[in-house]
Amino acid sequence: MGFFFKWVNLFVFFHFLAATPIFSDSSSSSNAFVTTKFLDLAKDPLVFDWMIGIRRKIHENPELGYEEFETSKLIRTELDKLGISYKYPVAVTGVVGFIGTGLPPFVALRADMDALPLQEMVEWEHKSKVPGKMHACGHDAHVAMLLGAAKILKRHENEIRGTVVLVFQPAEEGGGGAKKILDAGVLENISAIFGLHIVPTYPIGEVASRSGPIFAGSGFFEATINGRGGHAAIPQHSIDPILAASNVIVSLQHIVSREVDPLDSQVVTVGKFQGGGAFNVIPDSVTIGGTFRAFSKESFMQLRQRIEQVITGQAAVQRCNATVNFLDDEKPFSPPTVNNGDLHGYFESVAGSLLGVNNVKEMQPLMGSEDFAFYQEVFPGYFFLLGMDNASNEHLESPHSPYFKINEDALPYGAALHVSLASSYLLKLNPDISVVGGKHHDEL
Ligand SMILES: [Zn+2]
Ligand SMILES: [Zn+2]
């Protein structure tokens, strides 16, 4: 906590030094005003209603990973209207925009753009118009909030002490879009990157996060177990892959229960079992598939190795052959999402100023995964959850539900957090007023 208070003081100090307080015509030096002002700006109908319009438009036309062509076009059209320069295409459909001096320091804000292969079951005016596809994870809201932040930041561009980098990323849902953005080489010299996810598990006006591991690393596997098919009534002439696969699945459950430190949370789940089509036939082969999760790279790699050994070894016991595929190309593994400790202190101070310290919650790690983790392997990064639950509203379903709904009242909170996290961090890195206002050129 010592760090937290030191930071708040530093922040106020830097702010007080500035001849023109950032994003304000007031000369107040109180920390509270600095960021509540951002929330007022985001709640202005000019920004708020505009964000809602964008979010609904994207919601009506959901696009899956690396197919976000219309979403990307909409983003670029809005950036053009705002006069914000950007790079495109980055990682197929991605857009990377720049606001500020064009000079270091660089602070990045990230929004994911992809939808899910899910039929929307919510009946409302802006329901998905694409059968079998839905923004059921709130990425439509994430795009709208980052554009809202861009609108505010652009309006105050000459007060930005460096460059805010806007990362509109494709394919978060298992496609490794973050990795592709990094591989494209457009992000360099980033001092910090921030990302958020809207959730119904916290009330509106609250955020939650933690220092260190927040989401597990996630990988997938698929295995084909080959036997020899034949008549179900004459099993001695066949090699039964159904029984072999059943034993494989039971043995896989022993990895976590018997080999893993109970204090190091890990998961192995088989979610797919396909084989056979008749009551009286032993099939030739069975395919199983699943996911595995862990909070450290070492545990993750150990799981991966043991999954392969158990599948091939246990299949051999049953006289079958097995091949295991970790789907590295189609579903690249996502590392654990690990929040930088210094950024946690920074986040607490900024979010506390914006929302009140009691509305910044400490959360337990979750076994879900987030490909934001790829950025954190390269730059200091921080990810947090943004509450949208409203006690007076109906119950909001979890992400990935066909009944998932967004409480759009949360949009200004996300936009204001983006603005304050980026602008205040640049102010912290570059408090000297004399460097503000350099010529705009793209150094990334
Ligand atoms: Zn999702
Ligand atoms: Zn998501």
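Asn321 counts as partly exposed in this predicted model, because it has 15 C-beta neighbours inside 10 Å, and the cut-off for a buried residue is 20 or more. Asn321 belongs to strand β13. Setting aside the residues within four places in sequence, Asn321 is in contact with Asn226 and Ala315. Another residue to look at here is Ile225: its C-alpha atom is 5.8 Å from that of Asn321, although the two positions lie 96 residues apart in chain numbering.

The strand that holds Asn321 is part of an open, four-stranded sheet. Reading across, the order is β10-β12-β8-β13, with antiparallel pairing. The edge positions go to β10 (266–275) and β13 (321–325); each has a single partner strand, so one side of each is left without a neighbour in the sheet. On average, and ignoring direction, neighbouring strands here are turned by 20 degrees against each other. At the β10 end, nine bridges tie that strand to β12 (residues 285–294), and the two run antiparallel. One of the pairs to pick out on screen is Gln266 with its bridge partner Ala294 in β12. A helix also packs on this sheet: α7 (residues 241–259) lies across β8 (217–226), β10 and β12, and runs at about 170 degrees to β10.

Now for the other open sheet, which has eight strands. Its order is β1-β2-β4-β3-β5-β16-β6-β15, and its pairing is mixed. Here β1 (85–90) and β15 (360–362) take the edges with a single partner strand each, so one side of each has no neighbour in the sheet. The average turn between neighbouring strands, direction ignored, comes to 25 degrees.

Strand β16 (residues 381–389) is a handy place to see the mixed pairing at work. It is mostly covered, with eight of its nine residues buried. On one hand, β16 runs parallel to strand β5 (residues 190–203), joined by eight bridges, and Phe194 stands opposite Tyr382 of β16. On the other hand, β16 pairs with strand β6 (residues 207–209) in the antiparallel sense, over two bridges. In that pairing, Val207 has Leu386 of β16 as its bridge partner. Moving on towards the edge, β6 and β15 pair in the parallel sense over three bridges, with Ser209 opposite Glu362 in β15.

Helices pack on this sheet too. Helix α11 touches β3 (106–112), β4, β5 and β16, and its direction makes about 155 degrees with that of β5. Helix α4 lies across β1, β2 (94–100) and β4 (163–169), running at about 20 degrees to β2. Helix α4 (residues 69–82) also has a helical partner, α5 (residues 139–155): their axes come within 10 Å and cross at roughly 10 degrees. That angle makes α4 roughly parallel to α5, since angles under 35 degrees count as such. On the α4 side, the residues that meet α5 are Thr71, Ile75, Glu78, Leu79 and Leu82. Their counterparts in α5 are Val143, Leu147, Ala150, Lys151 and Lys154.

As for what sits inside, nonpolar side chains in soluble globular proteins tend to be buried together. The largest nonpolar core in the model has 108 residues, and the members that touch the most others are Val143, Leu146, Val165, Leu386 and Ala415. The element that gives the most to this core is helix α11 (residues 411–429), with eleven residues. Domain 1 (2–214 + 336–435) and domain 2 (217–325) each supply at least three residues to it. Apart from that core lies another one, of six residues, including Ala115, Met134, Ala136 and Phe404. Two of the names in the larger set have come up already: Val143 is one of the α5 residues that meet α4, and Leu386 is the β16 partner of Val207.

Stepping back to the whole chain, the protein has eleven helices and 16 strands. Of its 444 residues, 47% count as buried. Among contacts between residues at least 6 apart in sequence, 80% join residues at least 24 apart.

Methods
Residues are numbered from 1 along each chain as its sequence is written. Chains are lettered from A and ligands numbered from 1 in the order in which they are written. This is a predicted model: local features need pLDDT of at least 70, side-chain atom pairs count only at pLDDT 80 or more; totals for chains, interfaces and linings use all residues. Two strands pair if DSSP finds at least two bridges between them. Axes are lines fitted to C-alpha atoms, for helices over the stretch in contact, and angles run from 0 to 180 degrees between N-to-C directions. Two residues are in contact if their C-beta atoms, placed from the backbone, lie within 7 Å. A nonpolar core is a set of buried Ala, Val, Leu, Ile, Met, Phe, Trp, Tyr and Cys residues joined through C-beta atoms within 7 Å. A residue is buried if 20 or more other C-beta atoms lie within 10 Å of its own, exposed if 12 or fewer, and partly exposed in between; C-beta atoms are placed from the backbone. Domain bounds come from an automatic or database domain assignment. Angles under 35 degrees count as roughly parallel, over 145 as roughly antiparallel, 65 to 115 as roughly perpendicular and the rest as oblique.
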